[in-house]
Amino acid sequence: MDRLQAMATYVQVVQTGSFSAAARVLRLGQPAISKTIAQLEQHLQVRLLMRSTQGLTPTEAGLRFYEQAQVVLQDVEEAELAARGAGANLSGRLRVSAATTFARLHVIPALPAFLDAHPDLEIDVVLDDRLIDLIGEGIDVSLRMGRMADTTLVARKLATARRLVIATPAYLASAGRPKTPADLANHQTLVFSQQDSAWEFQRAGKRVSISVRGRARFSAAEGIRTAVLANMGLTIASAWMFTPELADGRVEAVLPDWSLPDIDLWAVYPTGRMATAKARAFADFVEATMTQG
């Protein structure tokens, strides 16, 4: 039994809560996971896991082993990188999560350069506009946008973008161009259902809050993009979301004299775990990519 591999497998089982979930993350069969844990318990001569209605949970001994195993695995990774030198390639597998549209426009096109720099690294990109369970999905680092309402999260700000009121020239030619935030009440507004429908504007120290009730609501940013480009109405979005269309004129920003709260991009790491060298390197890479862009 490879003790380090068994330790890593056990940590994944605890973090995901089941053999089957750990098997998906590790790309192994569930019987192999079960066998490894059984061999580990036999080697340690202690029961590490017990079944409950919530799934697999560690025993008291299992929890102590889990906490120490995390430290050991992190130390091993850092020691290997130190031994190889500052220019060492990362290796193994990195699991990243990000919103679908942001990743499609800004992350995935840049991935070849990151992978070329680390030829021994594999990457799993989980695309979802929802806030997924980082530990349950085995995520090493998540790219999230907006305010970090959960203060228990370990997060690092990578970049900031403007929010804009955006529409196509064709829609504006048909519906007219709003001159004040209040004019938005007379327009078809496209609403992202995961965000607050109150839009906050500011100009010269004056704040105006506009509540919108669009006929069309979307659960994913890709739906908002498609609807705007189909001339269905206007929306509020980050400049990141329409970067190519703003550049070539397919969409326009309106109400330029009014500003909206900026939006931040964060690298978020699973609570209770140290960020791996792979996760930190990826966050550095995304930060550099967004700065260059």
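S142 is buried, at a relative accessible area of 3%, where buried means under 20% relative accessible area, exposed over 50% and partly exposed in between (1.4 Å probe, protein chains only). This is a predicted model in which local features need pLDDT of at least 70 and side-chain atom pairs count only at pLDDT 80 or more, while totals for chains, interfaces and linings use all residues. Residues are numbered from 1 along each chain as its sequence is written, and side-chain values use heavy atoms, with hydrogens and water left out.

**Exercise 1.** Find the element that holds S142 and list the polar partners of its side chain.

*Solution.* Start with the place: S142 sits in strand β5 (strands are DSSP E runs of at least two residues, helices H or I runs of at least four, numbered from the N terminus). Next, look for polar contacts, meaning pairs of N or O atoms within 3.5 Å; within protein, one must be able to donate a hydrogen and the other to accept it, and residues adjacent in sequence count only if both atoms are side-chain atoms. The side chain of S142 pairs with that of S97 at 2.7 Å and with that of R144 at 3.4 Å. Finally, take contacts in general (heavy atoms within 4.5 Å): leaving out residues up to four places away in sequence, S142 touches S97, L134, W266, A267 and V268.

**Exercise 2.** In strand β4, decide whether D124 is buried or exposed, then do the same for V125.

*Solution.* Both D124 and V125 belong to strand β4. D124 has 11% relative accessibility, so it counts as buried. Its side chain makes a polar contact of 3.4 Å with the side chain of R95. Beyond four places in sequence, D124 touches R27, R93, L94, R95 and V96. V125, in turn, is partly exposed because its relative accessible area is 32%.

**Exercise 3.** Which element gives the largest share of the largest nonpolar core?

*Solution.* First, the term: a nonpolar core is a set of buried Ala, Val, Leu, Ile, Met, Phe, Trp, Tyr and Cys residues joined through side-chain atoms within 4.5 Å. The largest one has 29 residues, and F282 and L94 are among those with the most contacts inside it. Elements giving two or more residues include β3, β4, β5 and α10. The answer is α10, with six residues. To explore further, select F282: its contacts outside four places in sequence are L94, V96, V107, L111, F114, I123, V141 and L143. A second, separate core of 19 residues includes V14, F19, A23 and F65.
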